[in-house]
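Let's take a walk through this model together, beginning with a single contact and working outward. Keep the sequence and the 3D view side by side as you read.

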Amino acid sequence: MIPGVLLAGGLARRMGGGDKPMRQILGRTILERVIARLAPQCDGLILNANGNPARFAAFGLPVIPDQVADFPGPLAGILAGLDWAATNRPDVQWILSAAADCPFLPRDLVARLCEALVKENAQLAVAASDGQSHPVIGLWSVAMRDELRHALIVEDVRKIDRWTARYALATVTWPSTPLDPFFNANTAEDIAEAERLAALDGG
C-alpha cells in the first residue's frame, strides 16, 4: 500500500530548460522507463511537476504541483506527495519518492527500503550506491508532513540531508555494477551515456 511520487519539478537548467523526464533514450522517454520500473512496485503513481500539467497527459498520471513557492527543490515535491496521499489515500501511511530522471531504478527498490525500515526500526529510508546517498529516492511517512511543511516554510530548509538528519534513517545500498541504478540524466552528455547503459540493461 505504498504509492509512488515521481519528482519532475526541476528546471533542467543544465540541459537548456524543459522537462528532463521527457528526453528520450533509445526511443523511449526517461519518464516511460521510470514508470515501467516503479508501477509494479507501487500502489499507484503520481507525478510532481510544475507548470502546465497537460504536457504529461499521455502518461495518464495525476499531476500535482509544488505548494511551496519559488521552486524550493525536491522536499517541496515530497511534501506535495504527502499532502496528496493524506487527502486522496487516507489508508496510506507511506509514500515512495523517486527522481523522474533516473531511468534504471532497481526492481526491488520498494521491497528493500521497506525491509530496512522495519529491520532498523527507522523513521525514514533512503537509497544509496557507490558510497553516495540518494535521499530524493526514499520512503516517507505521511504523518511527518506537517513537520516537513514547517521545515520548508518556517525554517527555510532546502537540502534533504538536513531534514533527514533529524530522524532515525535507514540507508539501503545497491551495487553500482554493471550500472548504477540511480544514474540520472542531468546533461546532454548524460543522455549519450544513458543509451550505452540501456543496452547493458536490456534496452
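**From one contact to the sheet and its cores**

In this predicted model, the side chains of Asp19 and Arg55 are joined by a polar contact of 2.6 Å. Asp19 sits in the loop between strand 1 (4–7) and strand 2 (24–25). Is this loop residue buried or exposed? With a relative accessible area of 18%, Asp19 counts as buried, because the cut-off for that is under 20%. Leaving aside residues up to four places away in sequence, Asp19 touches Arg55 and Phe56.

Now turn to the sheet. Seven strands make up an open sheet with mixed pairing, in the order 5-4-1-6-8-7-9. Its edges are strand 5 (63–64) and strand 9 (169–174), each of which pairs on one side only. Strand 9 runs parallel to strand 7 (residues 124–129), and six bridges join the two. Here you can find Ser129 opposite Trp174 of strand 9. Helix 3 (residues 109–119) packs on the sheet, where it touches strand 6 (94–99), strand 7, strand 8 (132–141) and strand 9. The direction of helix 3 makes about 140° with that of strand 9.

What about the nonpolar interior? The largest nonpolar core has 43 residues, and Leu6, Leu96, Leu109 and Leu113 are among those with the most contacts inside it. Elements giving two or more residues to this core include helix 1 (30–38), helix 3 and helix 6 (188–200). Not counting residues up to four places away in sequence, Leu109 touches Leu38, Ala127 and Trp174, among others. Another core, of 26 residues, lies apart from the largest one; Val5, Ile46, Ile64 and Ala80 are among its members.

How values were computed: Residues numbered from 1 in each chain as written. Predicted model: local features only at pLDDT ≥ 70, side-chain atom pairs only at ≥ 80, totals over all residues. Heavy atoms only, no water. Helix = DSSP H or I, 4+ residues; strand = E, 2+ residues; numbered from the N terminus. Buried < 20%, exposed > 50% of the residue type's maximum accessible area, 1.4 Å probe, protein only. Polar contact = N/O pair within 3.5 Å; in protein donor to acceptor, adjacent residues only side chain to side chain. Contact = heavy atoms within 4.5 Å. Pairing = 2+ DSSP bridges. Axes fitted to C-alpha atoms, helices over the stretch in contact; angles between N-to-C directions. Core = buried A, V, L, I, M, F, W, Y, C linked by side-chain atoms within 4.5 Å.
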